[in-house]
Amino acid sequence: MNYSKYFDRIKLLRNTFLEFTKRRSLYGYWTEELEIDFEWIDTIYNRMRTYKYDLITVEMKRCNKLYRKYNAK
């Protein structure tokens with residue numbers, strides 16, 4: 001399949017986020033902030049998986065910010 005060049009990075013971000021929530025969520029409960037972040041990550045992931053979609057600069061910056069946020073903890 002022809003994915004975007006950033007697809008592997010988005011997949012890593014999504015997996016990192018899910019690992020973070022698995023370790024840190026209390027009884028599987030997600031805060032509103034976690035839900036919003038995951039909805040955004042999942043939307044980008046599905047868009048890239050379904051279409052050959054490249055990220056724009058603003059999306060790349062947000063991905064980097066989220067990765068640092070959830071990978072550091």
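Okay, let's start with a question: leaving aside its neighbours within four places in sequence, which residues is Cys63 in contact with? Hold that one for a moment while I set the scene.

What you have up there is a predicted model. The protein has three helices and zero strands, and along the sequence that reads α-α-α. Its radius of gyration is 12 Å, close to the 11 Å from the globule rule for 73 residues, so the protein is as compact as a globular protein of that length. If you box up the C-alpha atoms along the principal axes, you get roughly 40 × 20 × 20 Å.

A few totals, then. Buried residues are 34% of the 73 in the protein. The accessible surface is about 5,500 Å², and carbon and sulfur atoms own 50% of that. On charges, there are 16 positive and 10 negative side chains, with the centres of those two sets 6 Å apart. And take the contacts with a separation of 6 or more: 71% of them come from residues 24 or more positions apart.

Right, helix by helix. α1 covers residues 7-24, which is 18 residues, and from its first C-alpha to its last it reaches 26 Å, close to the 26 Å expected at 1.5 Å a residue. Its buried residues include Phe7, Ile10, Leu13, Phe17 and Phe20, but also Arg14. Have a look at the spacing in there. An α-helix has 3.6 residues a turn, so residues three or four places apart point the same way. As for what covers that buried set in α1, the list includes α2 (32-50) and α3 (57-71).

On to α2. Its 19 residues should span 27 Å at 1.5 Å a residue, and the end C-alpha atoms are indeed 27 Å apart. Among the buried residues of α2 are Leu34, Phe38, Trp40, Ile41, Ile44, Tyr45 and Met48, plus two aspartates, Asp37 and Asp42. The buried residues of α2 pack against α1 and α3.

So what does Asp37 touch, not counting residues up to four places away in sequence? The answer is Phe17, Arg62, Leu66, Lys69 and Tyr70. Asp37 sits in helix α2 and has a relative accessible area of 6%, so it counts as buried, the cut-off being under 20%. For a sense of distance, Asp37 and Glu59 are 22 residues apart in sequence and 12 Å apart in space, C-alpha to C-alpha.

Now back to Cys63, over in helix α3. Its partners, leaving aside neighbours within four places, are Ile10, Leu13, Trp40 and Leu55. Ile10 and Leu13 are on the buried list of α1, and Trp40 is on the one for α2. Cys63 is itself buried, because its relative accessibility is 7%. Its C-alpha is 8.9 Å from that of Arg9, with the two positions 54 residues apart in sequence terms.

Last one: is Tyr67 buried, partly exposed or exposed? At 30% relative accessibility, Tyr67 counts as partly exposed. Tyr67 is also in helix α3, and, not counting residues up to four places away, it touches Leu12, Leu13, Thr16 and Ala72. Tyr67 and Arg14 are 53 residues apart along the chain, and their C-alpha atoms are separated by 8.9 Å.

If you want one residue to click on, try Leu13: it is buried in α1, touched by Tyr67 and in contact with Cys63. That's me done.

Note on methods:
Residues are numbered from 1 along each chain as its sequence is written. This is a predicted model: local features need pLDDT of at least 70, side-chain atom pairs count only at pLDDT 80 or more; totals for chains, interfaces and linings use all residues. Side-chain values use heavy atoms; hydrogens and water are left out. Helices (H or I, at least four residues) and strands (E, at least two) are DSSP runs, numbered from the N terminus. The expected span of a helix is 1.5 Å times one less than its number of residues. Buried means under 20% relative accessible area, exposed over 50%, partly exposed in between (1.4 Å probe, protein chains only). Contact means heavy atoms within 4.5 Å. The radius of gyration is taken over C-alpha atoms; the globule rule is 2.2 Å times the number of residues to the power 0.38. Accessible areas come from the Shrake-Rupley method with a 1.4 Å probe; for residues, only the protein chains shown count as cover. Lys and Arg count as positive and Asp and Glu as negative; His and the chain ends are not counted. The place of a charge is taken as NZ of Lys, CZ of Arg, CG of Asp or CD of Glu.
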